[in-house]
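User: Please take one part of this model and look at it closely. I want the backbone, the packing and the surroundings in one connected account.

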Amino acid sequence: MKFKVIELKNIIESDLTNITNIIANHCSKSSMVLHLNGVLGAGKTTFVRAFLANLGYKGRVKSPTYSLIETYEIKDKNITVSHLDLYRLSRVDELYNLGIDDYIHSNSVMLIEWPGHGGELTPIADIAITINVISSELRSLVIKTKDLDVYRKLKQI
Ligand SMILES: Nc1ncnc2c1ncn2[C@@H]1O[C@H](COP(=O)(O)OP(=O)(O)OP(=O)(O)O)[C@@H](O)[C@H]1O
Ligand SMILES: [Mg+2]
């Protein structure tokens, strides 16, 4: 099945609650890999924070700029979320050494910033999001998904 593409325009930060809610609800059903594209400061980490908040995570969410990966256990939902930032990846085999395939299992969500920096070793996206900066407060989100349910719900925003 082909990806469906949807563009959400004039998105302010608080709109991310609604948007990530739709995607987070979907991920409780299966495992999922999500790519987050966009320039420095576009809002990729901000998106992940909203996503985790939706799953009920209350702790601090650090940007994995140096650690490359941070993981979060959502105990009551039995979901593991891993958040990767591949910006500083110097060689793609670093990604291999992280053993990221082990993070992809049922009830897991992987959100990857700068997925292109991992080359062919980056896990393939189920949902790919590009965040474009319109102004200091406004973004547009281009979301590609194969899931019709997610697509339909996002269209209603
Ligand atoms: N509509 C919006 N959506 C997302 N972030 C917004 C929005 N409006 C303002 N911001 C602000 O933009 C900044 C985005 O920073 P963030 O760290 O999320 O970017 P990033 O894409 O992860 O950058 P990097 O590539 O450096 O990791 C935050 O300070 C956030 O508060
Ligand atoms: Mg970031």
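Analyst: Leucine 68 sits in the loop that links α2 to β3. The model is a predicted one. Leucine 68 is not a glycine, yet its phi is positive, about 70 degrees. Most residues other than glycine have a negative phi. Leucine 68 counts as partly exposed because 19 other C-beta atoms lie within 10 Å, and the buried class begins at 20.

Step back to the helix before that loop. Just after α2 comes glycine 56, with a positive phi of about 95 degrees. In α2, the buried residues are Lys44, Phe47, Val48, Ala50, Phe51, Leu52 and Asn54. What do these buried residues pack against? The partners are α1, β2, β3 (69–74), β4, β5 and β6.

Take the helix partner first. Two packed helices are described by the angle between their axes and the distance between the axes. For α1 and α2, the angle is about 65 degrees and the axes are 8 Å apart. Their crossing is right-handed. On the α1 side, the contact uses Leu16, Thr17, Thr20, Asn21, Ile23 and Ala24. On the α2 side, Thr46, Phe47, Ala50, Phe51 and Asn54 take part. By class, the contact between α1 and α2 has 6 nonpolar and 5 polar residues, and no charged ones.

Asparagine 54 is one of the α2 residues in that contact. Is asparagine 54 buried or exposed? Asparagine 54 counts as buried, because it has 20 C-beta neighbours inside 10 Å. Beyond the neighbours within four places in sequence, asparagine 54 touches Thr17, Thr20, Asn21 and Ala24. Asparagine 54 and threonine 17 are 37 residues apart in sequence. In space, their C-alpha atoms are 7.0 Å apart.

Isoleucine 23 carries the α1 side of the contact further. Apart from the neighbours within four places in sequence, isoleucine 23 is in contact with Phe51, Ile127 and Val150. Both Ile23 and Phe51 also belong to the largest nonpolar core, a set of 35 residues. Ile23, Leu34, Phe51, Val109, Leu111 and Ile112 are the members that touch the most others. Which elements give two or more residues to this core? They are α1 (15–27), β2 (32–37), α2, β4 (79–85), β5 (108–113), β6 (127–133), β7 (139–145) and α4 (148–155). The largest share, 6 residues, comes from α1.

Now turn to the ligand. A shell of 18 residues surrounds ligand 1. The closest are Ala42, Gly43, Lys44, Thr45 and Thr46. Helix α2 (residues 44–54) gives that shell its largest share, 3 residues. The shell divides evenly by class: 6 nonpolar, 6 polar and 6 charged. Lys44 is thus listed twice, among the closest residues to ligand 1 and among the buried residues of α2. Thr46 is also among the closest residues to the ligand, and takes part in the contact with α1.

One last backbone point, for comparison with the loop. Asparagine 10 lies in strand β1 (residues 4–11). Asparagine 10 is not a glycine, but its phi is positive, about 50 degrees. Asparagine 10 counts as exposed, because it has 11 C-beta neighbours inside 10 Å. Leucine 68, by contrast, is partly exposed.

Note on methods
Residues numbered from 1 in each chain as written. Chains lettered and ligands numbered in written order. Predicted model: local features only at pLDDT ≥ 70, side-chain atom pairs only at ≥ 80, totals over all residues. Near = placed C-beta within 6 Å. Helix = DSSP H or I, 4+ residues; strand = E, 2+ residues; numbered from the N terminus. Nonpolar A, V, L, I, M, F, W, Y, C, P; charged D, E, K, R; others polar. Core = buried A, V, L, I, M, F, W, Y, C linked by C-beta atoms within 7 Å. Buried ≥ 20, exposed ≤ 12 C-beta atoms within 10 Å, placed from the backbone. Contact = placed C-beta atoms within 7 Å. Axes fitted to C-alpha atoms, helices over the stretch in contact; angles between N-to-C directions. Left-handed = near helix turned anticlockwise from the far one by under 90°.
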